[in-house]
Structures are given as C-alpha cells and as structure tokens.
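Student: Please take one buried spot in this model and look at it closely. Then set it against the rest of the chain, with the unusual backbone places and the empty spaces included.

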Amino acid sequence: MRITAICEQAVRLEGAVANAVVSFRDHTVSLVAVVSDQIRDGRPVAGIGFNSIGRFAQSGILRERLIPRVLDANPDELLDAAGQLDPARIAGVALQNEKPGGHGDRAGAVAALELAVWDLNAKLADLPSGAYIAQRLESTPLANGAPTYAAGGYYYPEDSTARLKDELCSYRDLGYTAFKIKIGGASLAQDLDRIETAIEVAGDPGKVAVDANGRFDFDAAVTYGNALAKYNLRWFEEAGDPLDFALQAELAACYEGALATGENLFSSADSRNLLRYAGLRHDRDVLQMDPGLSYGLTEYLATLAAAETAGFARSQCIPHGGHLINLHIVTGLGLGGCEAYPGVFQPFGGFSSGCALVNGNVTAGDAPGWGLEQKDSLAPLIAELVA
Ligand code: MG
C-alpha cells in the first residue's frame, strides 16, 4: 500500500452571506486528494478531504510543508499494523519539525489531508465512512441517521424578517425541523424580531438556536443573555471570543439556558482548557469542535475523550460544519447531531442526493467513503483534481 500522489486545490465558496463578524464573500476551502496504488474499476483509489467551512484554503501550508513531508517519508512508516494507511501516523509525519501550540491555519491544513486518508480507507473497505468509523473505532453508530438542524439566518445585503421567514420556511419545506440563526449583526431589537420569526416557523423555541459568532464583550453577552432567557432557546452559541474562557464562565454563571461553543478551538489541548476553565455545564451545554478545522478525526477523538472524561455525553457533541464529512463522523461516532447549510456555502455545504432527510434526521447514504463524489456540485471538482 503506497501513496502515489497528493493534490490540493483551493475552491471558492459561493454566496455573499455574513454573520456578525465575517462576510464569506472571499472564503475558500482546500480540497485534497490522496491517491493510492490500489486499483478499483481500473482506476487508482483516491481519498478526498477538505478543511470544513468558515476559514480559508491552506494551499501554502499543504504544498510547501505537509505534502512534501508525507511523500518524502518511508512509505512503511505511514502504515498501521494491518498494512493500511494510518491517519494518525500520516498526520504525525505531516507535522514533523512543527512546534506545539499556535493551532491556527495549520490545523485545517492537516485536517484536509487526514480526512482524505479516512475516505481512502473507507473506500478500500467498501464502506460508507460512518460505518467504517464505527467498525474501526468500535463505536455505536446512530441507527436512524443524524438529528440535523438547518443553519442559516445569516445577514444579507438586502435583509428583513420577511426574507428570514421565507428562508426558514424553505428549510422546513425540505424537512428540517430545527434551525439556527445569527445574532449580533443587528440591533438587539432587530435580533429579537428575527428570533421570534424563527420561533414562529419552528413552532417551538427549543428548536431554535442562536449564534453570535464571538461578537460580544461581557456586557453585551449578558445583555443578550438576559433578553434571550425568556425564550428557552435550544442554545446560545459563541457569545464572546472563543478563547475568552472567563467571559464564557461568567456568562454560564448568569444564563441558565444552554450555551454552545468550541468550533473555533483547533486542538484537543485548547479544548481541554475550555473544559477546565470556561464553566461549561455538562448537564446542558453543547460542544461544537469541528474535526475539519482541528487536525482531523484523530485529534477529534482525543477531544471527544476529554469531553467524556469531563462528564459530557456524546449527545452533547454537535460539531460545527454542515457537510458530508461531519454527517458521517456524527453518525459513526454516535454524536448528538449535525449541522446543515441547505442554502449556502456551495459546493461544500449540505449533503448529496444519496442522503435522506426524514423527520429531521439525515442518513448518509451507501456510497463508500464520505460520498463526496455523489454531491453534484463537488463531483466535477474532484474529477479534475484526481485527473
Ligand atoms: Mg457558530
């Protein structure tokens, strides 16, 4: 078993949506192919991965540092005891001579590569990645797909509660029963109108989450928390800076509802500090670390173990990133749910025609691996990358 090539292409996200902090107009994603010497149907089997959504492509780090290290390594050092490519070993080789700490863009670059290896292994096992992960890690997969909420409610150049209502109704018409919208990009009064619109569409405040994307200082976080308390929302996400654990802890001390955070922590070390110092409550709060932003699935397993040691259940782990890779990870590891971006972030957001949405649960389909080739918007990009 050998890797014969590793390719990377930066792909621009479509759309001009914004949250309280960033516009996604110029965002890109690194699409990575790890090509093997294994032949199926007359063609080399290639594993495909990408670094989730919400950051940027990492072409430089991948092409100048990570990919050359893996291709220059002794091929036997990349294999596990069974002779399969070992995602953990490959991530380790990719990070040779890199100092610990400073988990920024490098974490996404490694993740795209590491997740491509998981895809390759699942394809060689002829299993969907969710089933492959459950088998390899001896975890209990979700039997009926992943409970999935539609994440939208971004701020648009031409925005109104009528536009928001139309958007959420379109998700409801697709079969989604839970929603998340952005807050913090408008006045509090406007945001409360938006929240009430979302509750009206959902029919239940427990089906509506809100996300401030780290916008607030402590006073604004508490002001919003006090205004949100009466609604009993599903959760209040990323009130303050993702690394301000003191703010998170002070908010947890005065806001009784569920809080959610973690999508902008890019290592298990950072996540352990969150669990130690941010006052999170293991009877209600939600952890959103995203494998595609944080060194891949191997690192995510360490984060998950730390969360479980701290008393959190897998049902409280709902990774950021509404796409096929996380759908399979959630399903295979038996996590609490998945995000979906039915209207935005193409070509990566959302699922494929092989996936089914029933009663708010999404099943991942039977295609081997992550099934990215079954997604119409991605298939031509993958074909071009591996050609
Ligand atoms: Mg978020």
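Tutor: Two residues are in contact when they have heavy atoms within 4.5 Å of each other. The model is predicted. The spot to look at is Thr 261.

Thr 261 sits in strand 8, which covers residues 259-261. Is Thr 261 buried or exposed? Its relative accessibility is 2%. Buried means under 20% relative accessible area, so Thr 261 counts as buried.

Which residues does Thr 261 contact, leaving aside neighbours within four places in sequence? Two come earlier in the numbering: Glu 238 and Gln 248. Leu 274 and Leu 280 follow it. The rest of the list is a run: Val 286, Leu 287, Gln 288 and Met 289.

Take Glu 238 as a link. It touches Thr 261, and Asn 213 touches it as well. Asn 213 belongs to the loop between strand 6 (208-211) and helix 7 (218-228). Asn 213 is a loop residue, yet at 14% relative accessibility it counts as buried. Residues up to four places away are again not counted. On those terms Asn 213 touches Glu 238 and its sequence neighbour Glu 237. Lys 182 is another partner of Asn 213. Asn 19, Ala 20 and Val 21 complete the set.

Now a second loop, the one between strand 10 (338-340) and strand 11 (356-358). Tyr 341, Phe 345 and Pro 347 are among its residues. Tyr 341 has a relative accessibility of 1% and counts as buried. Phe 345, at 2%, counts as buried too.

Tyr 341 reaches residues far off in sequence. Gly 153 is 188 residues away along the chain, but the two C-alpha atoms are 10 Å apart in space. Beyond four places in sequence, Tyr 341 touches Ile 53, Ala 151 and Tyr 154. It also touches His 320, Gly 321 and Gly 322. Its other partners are Gln 346, Gly 349 and Gly 350.

The backbone of this loop deserves a check. Most residues other than glycine have a negative phi, and most peptide bonds are trans. Phe 345 has a positive phi of about 65 degrees, and it is not a glycine. The bond from Gln 346 to Pro 347 is cis, with omega near 10 degrees. Gln 346 is one of the residues that Tyr 341 touches.

Asp 126 is another non-glycine residue with a positive phi, here about 55 degrees. Its place is the loop between helix 3 (105-124) and helix 4 (129-137). Is Asp 126 buried or exposed? Asp 126 is exposed, with 58% relative accessible area. Phe 345, by contrast, is buried.

Next, the empty spaces. How many cavities of 30 Å³ or more does the structure hold? There are three. The largest encloses about 50 Å³. Asn 51, Arg 55, Phe 56 and Gln 58 help to line it. Gly 104, Asp 105 and Gly 108 add to the lining. Phe 266 and Leu 293 complete it. By class, that makes three nonpolar, four polar and two charged residues.

The largest pocket has about 550 Å³ of space. Its lining counts 16 residues. Arg 43, Pro 44, Ala 46, Lys 123 and Glu 373 are the ones nearest its centre. Strand 2 (28-40), strand 3 (43-50) and helix 12 (379-386) each give the lining at least two residues. Nine lining residues are nonpolar, one is polar and six are charged.

Last, the whole chain. It has twelve helices and twelve strands. Its radius of gyration is 20 Å, close to the 21 Å that the globule rule gives for 387 residues, so the chain is as compact as a globular protein of that length. The C-alpha trace spans about 60 × 40 × 40 Å along its principal axes. Buried residues account for 57% of the 387; Thr 261 is one of the buried residues. Take the contacts between residues at least 6 apart in sequence: 73% of them join residues at least 24 apart. The accessible surface is about 15,000 Å², and carbon and sulfur atoms hold 49% of it.

Key. Residues numbered from 1 in each chain as written. Predicted model: local features only at pLDDT ≥ 70, side-chain atom pairs only at ≥ 80, totals over all residues. Heavy atoms only, no water. 1 Å grid on protein atoms, 1.4 Å probe; cavity = no way out; pocket = protein on both sides within 12 Å on 5 of 7 lines; lining within 4 Å. Points joined across faces, edges and corners; volume = space filled by probe spheres on them. Nonpolar A, V, L, I, M, F, W, Y, C, P; charged D, E, K, R; others polar. Helix = DSSP H or I, 4+ residues; strand = E, 2+ residues; numbered from the N terminus. Rg over C-alpha atoms; globule rule 2.2 N^0.38 Å. Buried < 20%, exposed > 50% of the residue type's maximum accessible area, 1.4 Å probe, protein only. Areas by Shrake-Rupley, 256 points an atom, 1.4 Å probe, with all protein chains shown as cover.
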